[in-house]
Amino acid sequence: MTDSELWYTEYYTEHVRFSYRVSKLLLRKQTKFQLLEILETPEFGRLMLLDGKVMLTQRDEHVYHEMLIHPAMLAHPLPKRILVVGGGDGGSIREIVKYPFVECALLVDIDGEVIEASKEFFPELTSGFADPRVELKVGDAAEFVKDTDERFDICFIDCTDPVGPGPVGPAQALITDEFLDNVKAILADDGIMVVQSESPVYEIDYLKTYTSRLKERYPHVATYVIMVPSYAGLWSLTWASKTIDPSIEITRKPPKGLKYFTPELFGAALQMGKLDLWGARPHQL
Ligand code: AG3
């Protein structure tokens, strides 16, 4: 059915769209929190969308998940307790459990239906859920970080888009001042937070404001840029820590079998994050 004339279009701005030919609609469900869709496509394989935005594709999810997780896991002196906010698809947990010294990896995602759909349609992402060190909580991470007495070495925020065209779902609760303060409070002194921070091309204003809000809270803040074809090319991730500078040399060995991450590539991604990348929009020239 690769010659079907069914197309899916994601809007990045009012002026930019990215379209995929679709061979099959596998799931379409309005959950309590968002519209969850899973499509089969000839170019990217299976694709998961939340509220009309591509969360992952089988072809390139490894880029995002490896680059979100490994830099912090390798730079921290010994990360034992890890929190993932969002990430119900399982890709982040799959990367975290590659480290034998991790004692506990807790995932808090608001939408249990994402976890269930991922188990069914993306078993290669959810393999880490079976690890005994992993705990899955279906619930509001904003409430969790407010109420918990637990402390974490690293907190990964693997969420949907808190800005952008179309409906903005549950991730909005993850960019409030209160949430940022609470995450800082539950991080150990040498803790690191890494967060997906949107397109460095189409959401540059958001990215600038968000990083400056992190800089008010942490001495070490750096954005790095990765290539994710199904996120319209480039995406940004942002690191924040009270004590750990992301540009220190990584000496711990990465797990075997990674497809994108290397320490050198992370260095380059940090350099790219420092550039004033994309210039002004035409109306600003
Ligand atoms: N969540 C962050 C990616 C958001 C992509 N946004 C977009 N295409 N507009 C990824 C979830 C994967 N664990």
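Around the ligand stand 14 residues, of which Glu 10, Val 54, His 65, Asp 89 and Asp 161 come nearest. The model is a predicted one, and the distances below are computed from it.

Three side chains place an N or O atom beside a nitrogen atom of the ligand. For Asp 89 the distance is 2.6 Å, for His 65 it is 2.8 Å, and for Tyr 12 it is 3.3 Å. The ligand on its own has 390 Å² of accessible area, and the protein covers 98% of this.

The next feature is a sheet. Strands of a sheet pair through backbone hydrogen bonds, in either a parallel or an antiparallel manner. Here four strands form an open sheet in the order S3-S4-S5-S6, and the pairing is antiparallel. Strand S3 (24–30) and strand S6 (53–57) each have a single partner strand, so they stand at the edges and one side of each has no neighbour in the sheet. On average, and ignoring direction, neighbouring strands of this sheet are turned by 20 degrees against each other.

At the S3 edge, the partner is strand S4 (residues 35–41), and the two pair in the antiparallel sense over six bridges. Within this part of the sheet, Gln 30 stands opposite Leu 35 in S4. A helix also packs on the sheet: H3 (residues 112–121) touches S3, S4 and strand S5 (45–50). The direction of H3 makes about 15 degrees with that of S4.

How values were computed. Residues numbered from 1 in each chain as written. Predicted model: local features only at pLDDT ≥ 70, side-chain atom pairs only at ≥ 80, totals over all residues. Heavy atoms only, no water. Pairing = 2+ DSSP bridges. Axes fitted to C-alpha atoms, helices over the stretch in contact; angles between N-to-C directions. Contact = heavy atoms within 4.5 Å. Near = heavy atom within 4 Å. Polar contact = N/O pair within 3.5 Å; in protein donor to acceptor, adjacent residues only side chain to side chain. Areas by Shrake-Rupley, 256 points an atom, 1.4 Å probe, with all protein chains shown as cover.
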